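Hi everyone, thanks for making time this morning. Let me put the structure up so we can walk through it together.

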Amino acid sequence: PRARAEVFCVATAVDLQNALVLATANGQDDEVRIVQGTYVGNFVYASTEAQALSVLGGYTAGCAGRTLDPVNTILDGNQKNSVIALSAPDVAAKFIVQGITVMNGTRYSGNGGGIYAVPGFYGSVLIDQNIITGNRSTYGGGVHARYHATLTNNTITGNGATIGGGIHSDGLSTFANNTIAYNIGDW
């Protein structure tokens with residue numbers, strides 16, 4: 001039987017983090033819908049469940065509708081840690097990040113200043129229609145993804161890292177229709 005899906009509609013940074021915490025152990029696939037606006041913080045999902053988690057931007061008030069444009073939903077890491085960290089390294093989780101601007105993440109002694117997405121070996125990552133800019137880390141300034149990562153229709157610019165200024169991926173990755181420019185490696 002298919003797992004049920006829980007849908008969260010969030011309109012504040014606190015609501016966003018709380019939804020990610022609730023999603024870690026509810027035994028369901030989860031969809032976190034983010035209302036248009038700017039959210040300052042570092043948002044963390046760390047789970048041992050092999051579930052799907054979608055983090056989706058562009059929703060109108062009450063999540064009544066959606067305009068898929070990353071400029072209307074901004075996650076700002078405020079130069080502290082990864083902006084969004086999705087971690088389930090021991091299970092085949094599926095992560096989707098779509099329709100968000102991810103900016104100003106700084107993780108000097110770690111991976112993924114903007115997006116850190118690490119499922120287990122049979123898991124997958126889809127990063128689609130995002131703007132990822134102004135992030136820094138040791139590996140993958142903009143994005144660090146592990147295993148079966150697909151990046152489509154993103155703009156990844158102005159990020160920096162020791163290795164992989166824009167993107168660092170461990171495993172098979174697929175890229176289509178992205179703009180990847182002005183990222184700095186070995187900075």
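Let's begin with a question: on the other side of α1, which residues are exposed? Keep that in mind while I say that what you see is a predicted model.

Helix α1 runs over residues 13-23, and its buried residues are Leu 16, Gln 17, Ala 19, Leu 20 and Ala 23. Around the axis they cover an arc of only 155°, so they lie on the same side of α1. That fits a familiar bit of helix geometry: an α-helix has 3.6 residues a turn, so residues three or four places apart point the same way. And here is what I promised you: Val 14 and Leu 22 are exposed, on the other side of α1. As for the cover over the buried residues of α1, it includes β1, β2 (29-35), β4 (43-46), β5 and β6.

Two of those elements bring us to the disulfide. The count comes to one, and the bond joins Cys 9 to Cys 63, with an S to S distance of 2.1 Å. Cys 9 sits in strand β1 (residues 5-10), while Cys 63 is in the loop between β5 (52-59) and β6 (73-76), so the pair, 54 residues apart, links distant parts of the chain. The link of Cys 9 and Cys 63 is right-handed, with 95° about the S-S bond. Are its two ends buried or exposed? Cys 63 counts as buried because its relative accessibility is 11%, under the 20% cut-off. Cys 9, at 39%, counts as partly exposed.

Now to the strands. Six of them form an open sheet with parallel pairing, and the order is β3-β6-β9-β13-β17-β21. At the edges stand β3 (37-40) and β21 (179-181); each has a single partner strand, so one side of each is left without a neighbour in the sheet. From one strand to the next, the twist averages 10°. Within this sheet, β9 (residues 101-103) and β13 (residues 131-133) run parallel and are joined by three bridges, with Val 102 opposite Ile 132 in β13.

One more set of strands before we finish. Strand β12 (residues 124-128) is joined by four bridges to β16 (residues 149-152), again running parallel, and Leu 126 stands opposite Thr 150 in β16. On from there, β16 pairs with β20 (residues 173-176) in the parallel sense, over four bridges. Leu 151 has Phe 175 in β20 as its bridge partner.

That's my tour, and I'm happy to take questions!

Note on methods:
Residues are numbered from 1 along each chain as its sequence is written. This is a predicted model: local features need pLDDT of at least 70, side-chain atom pairs count only at pLDDT 80 or more; totals for chains, interfaces and linings use all residues. Side-chain values use heavy atoms; hydrogens and water are left out. Two strands pair if DSSP finds at least two bridges between them. Helices (H or I, at least four residues) and strands (E, at least two) are DSSP runs, numbered from the N terminus. Axes are lines fitted to C-alpha atoms, for helices over the stretch in contact, and angles run from 0 to 180 degrees between N-to-C directions. A disulfide is a pair of cysteine sulfur atoms within 2.5 Å. Buried means under 20% relative accessible area, exposed over 50%, partly exposed in between (1.4 Å probe, protein chains only). The arc is that of the directions from the helix axis to the C-beta atoms. Contact means heavy atoms within 4.5 Å.
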